[in-house]
Amino acid sequence: DNPPMRSRDEDIGAPEPDCGNPAGCLFCQYHRDIESLDYVWALGSYRLCKQLELDLYVPTKFKNINHPAQAVTKRLTEKIEAFRSGSNEKEAWTLEASNRIKEGRYHPEFDGFIKLMEALENE
């Protein structure tokens, strides 16, 4: 087993590569995507989760510091776009995943987090 290593130099400021959480996994050179609808649905749900985190974020007085969720959201968008342009089948996966999320059907891995953050936004 190799230790986690940053995949790209431009990812400085993003979460450190880490096998213990989804954000860290996204920035590791050993990370490999899974070619399935379920995986694309998870990516889209995770992206929404991170977007909601950014919506709820109250910046400190150091306004020029980027929130790590920005880099995660960017990376997730890149991955989803790569699937969308990969083949007709993968494009169909991204469309189905997007429709599920629009309907409020989130991937089970992120469903609870998203619903909690949506409830906080509506307070």
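## Exercises on a five-helix model

Let's start in a loop: Cys-28 sits between α1 (22–26) and α2. Keep in mind that the model you're looking at is predicted.

**Exercise 1.** Work out whether Cys-28 is buried or exposed, and find how far its C-alpha atom is from that of Pro-3.

*Solution.* Step one: get the relative accessible area of Cys-28, which is 9%. Step two: hold that against the cut-off, where buried means under 20%. Cys-28 is therefore buried. Step three: go to Pro-3, which is 25 residues away from Cys-28 along the chain. The two C-alpha atoms are separated by 9.3 Å.

**Exercise 2.** Take stock of the whole protein: how many helices and strands does it have, and what percentage of its residues is buried?

*Solution.* Count the elements and you get five helices and zero strands. Reading from the N terminus, the order is α-α-α-α-α. Next, burial: of the 123 residues, 36% are buried. Finally, take the contacts with a separation of 6 or more; 60% of them are between residues 24 or more positions apart.

**Exercise 3.** Describe how α2 and α4 pack: find the distance and angle between their axes, then the handedness of the crossing.

*Solution.* Two packed helices are described by the angle between their axes and the distance between those axes. Here α2 covers residues 37–56 and α4 covers residues 88–102, and their axes come within 9 Å, crossing at roughly 45°. Such an angle makes α2 oblique to α4. As for the hand, the α2 and α4 crossing is right-handed.

Now list who makes the contact. On the α2 side you'll find Leu-37, Val-40, Trp-41, Gly-44, Ser-45 and Leu-48. From α4 come Trp-93, Thr-94, Glu-96, Ala-97, Arg-100 and Ile-101. Sort the α2–α4 contact by class and you have seven nonpolar, three polar and two charged residues.

**Exercise 4.** Which residues of α5 are buried, and which exposed residues does the face turned away from them carry?

*Solution.* Begin with the buried set in α5 (residues 111–121): Asp-111, Ile-114 and Met-117. Then look down the axis of α5; these buried residues fall within an arc of 135°, so they line one face of the helix. Flip to the face of α5 turned away from the buried side, and the exposed residues there are Phe-113 and Leu-116. Last step: check what covers the buried residues of α5, and you'll see that α2 is included. That's the helix from Exercise 3, the one whose axis crosses that of α4.

Terms used. Residues numbered from 1 in each chain as written. Predicted model: local features only at pLDDT ≥ 70, side-chain atom pairs only at ≥ 80, totals over all residues. Heavy atoms only, no water. Axes fitted to C-alpha atoms, helices over the stretch in contact; angles between N-to-C directions. Helix = DSSP H or I, 4+ residues; strand = E, 2+ residues; numbered from the N terminus. Parallel < 35°, antiparallel > 145°, perpendicular 65-115°, else oblique. Left-handed = near helix turned anticlockwise from the far one by under 90°. Contact = heavy atoms within 4.5 Å. Nonpolar A, V, L, I, M, F, W, Y, C, P; charged D, E, K, R; others polar. Buried < 20%, exposed > 50% of the residue type's maximum accessible area, 1.4 Å probe, protein only. Arc of directions from axis to C-beta.
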